[in-house]
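Subject: Structure for your review

Dear colleague,

Please find below the structure that I am passing on to you, together with its sequence. My notes on what was found in it follow directly after.

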Amino acid sequence: MCGIVGYLSSSKLINHELINDLLNSINHRGPDSRGVYKNENLLIGMNRLSIIDLENGDQPFISDDKKVTVIFNGEIYNFQYLKKRYLADISFKTNSDGEVILHGYRKYGLNFLNKLNGIFAIAIWDDLKKNLILTRDPSGIKPLYYLKKEDKIFFSSEIKTFIQNNISKKVNKDGLLQLFTSGYIHHPSSALKNCFQVNPSEIILISNDLTITKNKIIYEPSENGNFDYANFKNFEEYLYSIIKDAVNRQLISDVPIGLLLSSGMDSMGLLSIVRDLGKSENLTSYTAYYPNKDFSENILVENLCKIWNIKNQSIKIENSHIREDFHKMISTFDNFDFIPVFASKYQVCKLAGTNHKVLLAGAGGDELFSGYPTYLASHIRKRLPFNKSVFNLIKSFYKFKDQGIHLSNYEKIYRFLEGSSLSDKYFHFFWRNILSRKDFNEIEFFNGDYEKIFKNQIYYYDKFEKDYSNFDRLLSEIDLNTWLIDHALALWDKAGMAHSIEIRVPFLDLELKNNLIKIPDKIRFSKIGKKLLLRKTFESKLPTEIINFPKKGFSVPVRDWLTSNENKKFFKEIYFSLPKGIFKEQYLFDLYNRFEKMSSNESYKVWIITCLSSWMNQYNIKFE
């Protein structure tokens, strides 16, 4: 695990001193060691977080003939298998997974990337072909950004590299519109103009003259990870086995591993498997909770950990924590990752970072098994005849009642009516909107083109609609490729790496996902919004109160953060310092007035605008 940076120049005018400045911007991702490779027109470097082969695993890895150089961020979970199966004739100098990438590429070329099961962002310099190769894991767990400026292409694990080194400071206006709808950026866009994310599975080849060609990773399952469900009594037994296999694979480490634990069935299920594997004796779990009991589930977690003799460390996130760390958190979540749960993830990782470099997390379970209420809403909406006028009429009579809680039942109804008045391609995406369509009229540069805002997400709707006749499977695949990658995984990566922690997500293990498709859709997606198959799978492993605990989601008391006596002035000043030209000035005043009077639930809108204001002012970002 580490952070990687670099740039390729077509002019051969290389500033060799710049590499350290680039690496300094992401030193938090890997404080244990630093490695650099340079030639007449290339500079690449990495900051290492030592997890596998602590003594010998420093990067970059360079072939004996000096023709191939590799740096990478992440872990290759099947690297030992790959060594035995494909590279048995190679004499390895280390026990690092990074050296496997080097020799695998040297022997098999780009095809070797198809065999990697892991979380990774990789940069390869091929001196024979004079190509810089950038690629990212198929699940989109590890980030990688690139930006072309004049005669150079830069890349980094985080966009703050480009901002802090004055490579780019222009905001992406289309990205702003994505932020105001979804609450996050849609890949391959980023918060910066002309800066892009490498897509999951994408292979980008950059020649010496900066010509870009693209290829794609197509994962090839390994022979020893291929399960046949015919060998099991039922689908629950089969599912438990493939999850257990993934967890066991992802426990590979030369440092201790911890667990991010909530009362949710996903992380609780992972804990039960770690116990089953006999590897929980020295495990520490980490939990976040709040003074506001409406948002906290820590008692359930602490009771179970006590019964199972698991060491649990909990952090009560006070309003003061949010204020004191706010600007630092905004710097961490630099790609418009402003949905307020980021603050909770930051705080729990801050706690865990004092003891651990590796944590397991339950991300992906809701997307794989349709656990979100949005799936149920989409399921209902799909079965209703679409009539825009009818939905708009119903909405006009609906009186929104604020409860001071994000996603109260009143708000859920309002969101359903708002989204349902859109056509089939849009309503699922619009459940999670930040600004309403009425609010969008107050954006000074918005021209009414919703299709352009959602084009990166609609791409997946069109793609999977052709592949899957089962509507629930369609929604699952869409969210696995949009919401999960651009929101949930992005938050965990940055929250973890801000405190030098690698976060692993066993539910998104490539072998597990490959085996999961053998379960019929009608079984996998039974009882939409309830994750029935997963509940049945863990019902004999977890206490009844966990299995039957209603899904609450990772909600946060954002109104408390914004309005508490010690925080209100601080956040209000940031909110009203938003650079001009984005919103009509009167709208900002009216919105804040409604927020203060609680005449409607505007907390998320005020929060997002406040975060954006902090980000733009901290870095002197230009809005043009």
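The second largest pocket of this predicted model has a volume of about 890 Å³. Its lining consists of 34 residues, and those nearest the centre of the pocket are Pro-138, Ser-201, Glu-477, Asn-481 and Lys-513. Several elements each contribute at least two residues to this lining, namely the strand β12 (212–216) and the helices α19 (455–467), α20 (471–481), α21 (483–497) and α22 (510–516). The greatest contribution is that of α19, which supplies 5 residues. Sorted by class, the lining of the second largest pocket comprises 19 nonpolar, 8 polar and 7 charged residues.

Turning to enclosed spaces, the structure contains 7 cavities of 30 Å³ or more. The volume of the largest cavity is about 110 Å³. It is lined by 17 residues, of which Arg-136, Tyr-145, Gln-197, Ile-485 and Ala-490 lie closest to its centre. Here the largest share of the lining comes from α21, with 6 residues. The classes represented in the lining of the largest cavity are 8 nonpolar, 3 polar and 6 charged residues. Helix α21 therefore deserves a look in both contexts, because it supplies at least two residues to the lining of the second largest pocket as well as 6 residues to that of the largest cavity.Next, the strands near the start of the sequence. Strand β3 (residues 42–48) is mostly covered, with 7 of its 7 residues buried. In a regular strand, side chains alternate between the two faces of the sheet. On β3, Leu-42, Ile-44, Met-46 and Arg-48 point one way, while Leu-43, Gly-45 and Asn-47 point the other way, and all of them are buried.

Strand β3 has two pairing partners to note. With strand β1 (residues 2–9), β3 pairs in the antiparallel sense over 7 bridges, and Leu-8 has Leu-42 as its bridge partner in β3. Strand β2 (residues 33–38) also runs antiparallel to β3, and 6 bridges join the two. Within this pairing, Tyr-37 stands opposite Ile-44. The connection from β2 to β3 is a hairpin through 3 residues.

A further sheet is open and has 5 strands in the order β15-β14-β13-β16-β17, with parallel pairing. Its edge strands, each of which pairs on one side only, are β15 (311–316) and β17 (502–504). From one strand to the next, the twist averages 30 degrees. Strands β13 (residues 257–260) and β16 (residues 358–360) run parallel and are joined by 3 bridges; Ile-257 has Val-358 as its bridge partner in β16.

Finally, one loop residue. Glu-444 lies in the loop between α17 (437–440) and α18 (450–453). Is Glu-444 buried, exposed or partly exposed? Its relative accessibility is 47%, so Glu-444 counts as partly exposed. Leaving aside residues up to four places away in sequence, Glu-444 touches Gly-581, Ile-582, Phe-583 and Lys-584. Of these, Lys-584 is 140 residues apart from Glu-444 in sequence, yet the two are 6.0 Å apart in space, C-alpha to C-alpha.

With kind regards

Technical notes:
Residues numbered from 1 in each chain as written. Predicted model: local features only at pLDDT ≥ 70, side-chain atom pairs only at ≥ 80, totals over all residues. Heavy atoms only, no water. Helix = DSSP H or I, 4+ residues; strand = E, 2+ residues; numbered from the N terminus. Buried < 20%, exposed > 50% of the residue type's maximum accessible area, 1.4 Å probe, protein only. Contact = heavy atoms within 4.5 Å. Pairing = 2+ DSSP bridges. Axes fitted to C-alpha atoms, helices over the stretch in contact; angles between N-to-C directions. 1 Å grid on protein atoms, 1.4 Å probe; cavity = no way out; pocket = protein on both sides within 12 Å on 5 of 7 lines; lining within 4 Å. Points joined across faces, edges and corners; volume = space filled by probe spheres on them. Nonpolar A, V, L, I, M, F, W, Y, C, P; charged D, E, K, R; others polar.
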